Amino acid sequence: MTLREKRPSPAGPRRTAVAAVALALIGSVTGAGIAFGSDAATAGAGHGHGHAAPGDWLPDTPENWPLVVDRTRTPSETVTRGLKHYSETYDTVGGRQHIQVLQADLTDPNLRVGVVEADDTLTDPADETPSSMARRTHAVAGVNGDYFEIHASGRPVGGVMTDGRLLKSPKAGFASQLAVKADGTLVMGPETFSGTLTAGTATRALTSVNTVNDVAGGGITEVTPDLGETPGLTKASTLVAGHGTAGGFVVDRVRTGITTVPRLAADETGLLGAGDGGQWLSDTLHTGDTVRIDTRLSPDNDVTQLISGVDTLVKDGKVYTDPTGTPPSGANPETAVGITKDGRHAVVVAVDGHGGADTAFGVTPEQAAGYLVAHGAYTGMLFDGGGSTGMVSRAPGADRAEVVNTPSDLPGNTERPVANGIFFYSTAKRAEAARTVVVNDGKTVTTVTGGSVPLPVHAVDRFANPAAGETHVRVEPTGLATYEDGKLTPHRSGTGRIIAWNGSASTSEKLEVVSRLKTLTVSPDQADLDNGGTRQLTLSGTDQDGDRVQIPAEAAGWRTDPANLGSVDAHGLFTAGADDGGLAAVSASVAGATGTASIAVGSVSKVIDPMNSLDHWRLSNNTTGEPATLSADAGVVPPGSTESGSLKLDYAMPAGSGVKQLVLTPNVTLKTDTAGGHVPTAIGMWIKGDGNGIELAERYIGVNGAATTLYPTYVTWKDWHLAVAQLPAGMQFPLTISFVDFLAISPSTAYSGSLNVAGLQALYSPRPVTEPDYHAVPDNPKWLSHEEDSADFARHGSTLLAGDDAHLLASDPGSVSSNVMDSIAGRLPSLSPQARPDAAQFLGDMADDGKVADLRFAKSKMDALGVPERDIVGNHEITQGADAENGNYNDTFGDTHYAYGLGAARLIVTDNAHGSLQSSDPFQDPEGAQYPWLV
């Protein structure tokens, strides 16, 4: 049975709970035997494969996705004529997916596509965020583009063309290329670069454009001003440069033995080569020579824009495996683009991720492909993902695009600078007269006195671009409220109208200023802050009719109890106390209603390792090229420490390109503690800094094997300081410490110094762990309900209770599945005698993994039913193969394959947890092949 919570109103967060235990009573077993573990029995256990959900009450599930149980979509907003933006949320049995979508109609002459390179320069270690690219080029929307050399040169891995100018040639033999043809249509597929150099009678193949990595193999790459200054060539090279002429350039200088390419002037062109290519350049070209350069892209030599992707996901309308692709592994935030067969329509998506199953899980490349196919793509490509995934879009009436997805980089879900991106533009030359004026998105404004609330008012022209002229706003009656600089300030309670006009276009919306509230809510209702940290609190409420009310923080009376834990200013900004820790109750009172929030201040620390022994830590990797040592430093400890000493890292950091690392790795297994249900919110480490600004990175491995690398700070301080890395949502505890890394990325100057490290500790919220009350889902819809009278069961034969997929965890005794099992155990005695089960047969995945504690917890829930029970081995009971069934499972449940009688029936149970009987045979108890036993 699948249970879904009643969906709350769209105004608040939405959660869909799926109870992963399915139970059925099979009455009057009197016939022939049932073979469990067969294809028929397991056909429903797999995930979605591009199927429509059973019946008509579930959304369709995209190919390669887990079953989708709920889907919502926001209304489409017109960004500019021809381009719409909306978001989708999918709740699946594998977690939540949140997706931002742009739909482009390139048949509209108002819309065009462009490719933007970060700061218009290829070698750019700082790169540029998508929102900055959009603002700089006046784009209305866009997404990030190609892989790039992050923390290094910043150059894109693949090709780039902007407005007909080839900045960097695409990789040979690589299929994932997106290009815009002269007629504005989009094409996807391989684009092969070829070129020829001619100087007098001498000719030579041109390998590429601005691809400096090609010269190490003896090739020659054309260099343009777009490359920028490029240090760190892997081989001493020859650079021939000169002033441009039609079809080539005249040589002004020849330099040999260079390792840095200078930035060329705007009218210059160059050729760069090493090995055979460099020798040809120095032997053949001299000052004053004229060099002709002929280049071509095939099959599309008429493209005006080009950008390389990562992987081709969709071909001929079907999910495709690209033999040339370089897709990432696992589920991540992802950026993808799909186009129709004629190239005149596109869907551009940014999938959130790394936020956990409750917020945004992320997708695999195969799932991204399934999503594009489900949304009509004939051809589709994957672009850079992870923290690089970013989408910007202009809200209706706004003058610039803003970030609309939730970037995954921490802290703060910050937008990552990237190498390039794909952007959309309106072709309109100027703003035109207003055609439509909109107030508050066309909705009634309901608020209270005591402050000001934002009031969006905008006017758009026939292209849905911000209109020319000034938009005016007035309130009637005039004494009810005033409007200024985008804010509405009510002066008394009452009812009126907000009137807005621009030229001949006008509109009005109802205004209600209420004097009494029915409810008041403080958001967030729970928060955890470090001492001295801040959190903005916002208010919302309902009036006496239950309608939503906008409430400014300034309208409230704020109170913090106890007062020593923090304070709230008039604008709702809570500031945690500097010294004390504990739980603060923050309340706000407005118009007769009160709302509260609970804020945990400070943290409780538990030492993971004191970091004072070389038996526990070593300097495992030093990529600086300079000597570095890790030593025990007796007597040097953080303030208040009672330990004997710390570890000291002496190092030298040279200048130069690339990532230079000093990696400290534990010699022993170090883990966080999850005793009592507490999981850490952060990891702290004491560092005695030297002020050089070296960057700190830390990697942690979750219990599910997923690795997370955090970059919490730069060591800009001197003396001791506790460096804190906030742990992102979705991590699976306990965590194993993988390494601590001190690094510099392409430092411009050399320096040396010493750092001390000590007291690696997990930081826990002071908020006590409480088990939430379990409430059964009320008023299940008719399609989810099935009732029958147990008295109708036949009075002869046997009754078998069957169930599966509870995914029970000892660490989560209050889960839905655990409560369902308890409910069933309590209800069985109330059944009519003939319906009470004689035995229970579970069909696998009753435990979420093959760990002893979780298997025993699952068995305890089965035992509580009070009838003889057995289980089938599922892939979760063996931790996806990591814990073989002849180990923990066998110790807990017994035989891995078996047969038994129940009344007149014979039940046969086999094990195909590894995918088939044969692949599961090596892990059997009793030992031996199952097929001969079965037949």
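This report walks through a predicted model of one protein, from its overall build to a few local details.

## The protein as a whole

Let's begin with the big picture. The secondary structure of the protein consists of nine helices and 64 strands. Its radius of gyration is 32 Å, close to the 30 Å given by the globule rule for 935 residues, so the protein is as compact as a globular protein of that length. If you drew a box along the principal axes, the C-alpha atoms would fill roughly 105 × 85 × 70 Å.

## Inside and outside

How much of the protein is buried? Of the 935 residues, 48% are buried. On the outside, the protein exposes about 41000 Å², and carbon and sulfur atoms supply 49% of that area.

Contacts also link distant parts of the sequence. Among contacts with a separation of 6 or more, 69% are between residues 24 or more positions apart.

## A close look at V79

Now for a single residue. V79 sits in strand β4, which covers residues 77-80. V79 is buried, since its relative accessible area is 1%, and the cut-off for buried is under 20%.

Which residues does V79 touch, leaving aside those up to four places away in sequence? They are K84, H85, V140, A141, S393, R394 and A464. For a sense of distance, take V79 and D163: they are 84 residues apart in sequence, and their C-alpha atoms are 22 Å apart in space.

## Helix α4, mostly covered

Helix α4 runs over residues 365-374 and is mostly covered, with seven of its 10 residues buried. The buried ones in α4 are P365, Q367, A368, A369, G370, Y371 and L372. After α4 comes G376, which has a positive phi, near 90°.

## Two helices side by side

Further along the chain, look for helix α5 (residues 816-827) and helix α6 (residues 852-863). These two helices pack at an angle of about 25°, and their axes are 9 Å apart. Angles under 35 degrees count as roughly parallel, and α5 and α6 are therefore roughly parallel to each other.

Where do the two helices meet? On the α5 side, the residues are S818, M821 and D822; on the α6 side, they are F857, K861 and M862. By class, this contact of α5 with α6 brings together three nonpolar residues, one polar residue and two charged residues.

Technical notes:
Residues numbered from 1 in each chain as written. Predicted model: local features only at pLDDT ≥ 70, side-chain atom pairs only at ≥ 80, totals over all residues. Heavy atoms only, no water. Axes fitted to C-alpha atoms, helices over the stretch in contact; angles between N-to-C directions. Helix = DSSP H or I, 4+ residues; strand = E, 2+ residues; numbered from the N terminus. Parallel < 35°, antiparallel > 145°, perpendicular 65-115°, else oblique. Contact = heavy atoms within 4.5 Å. Nonpolar A, V, L, I, M, F, W, Y, C, P; charged D, E, K, R; others polar. Rg over C-alpha atoms; globule rule 2.2 N^0.38 Å. Buried < 20%, exposed > 50% of the residue type's maximum accessible area, 1.4 Å probe, protein only. Areas by Shrake-Rupley, 256 points an atom, 1.4 Å probe, with all protein chains shown as cover.
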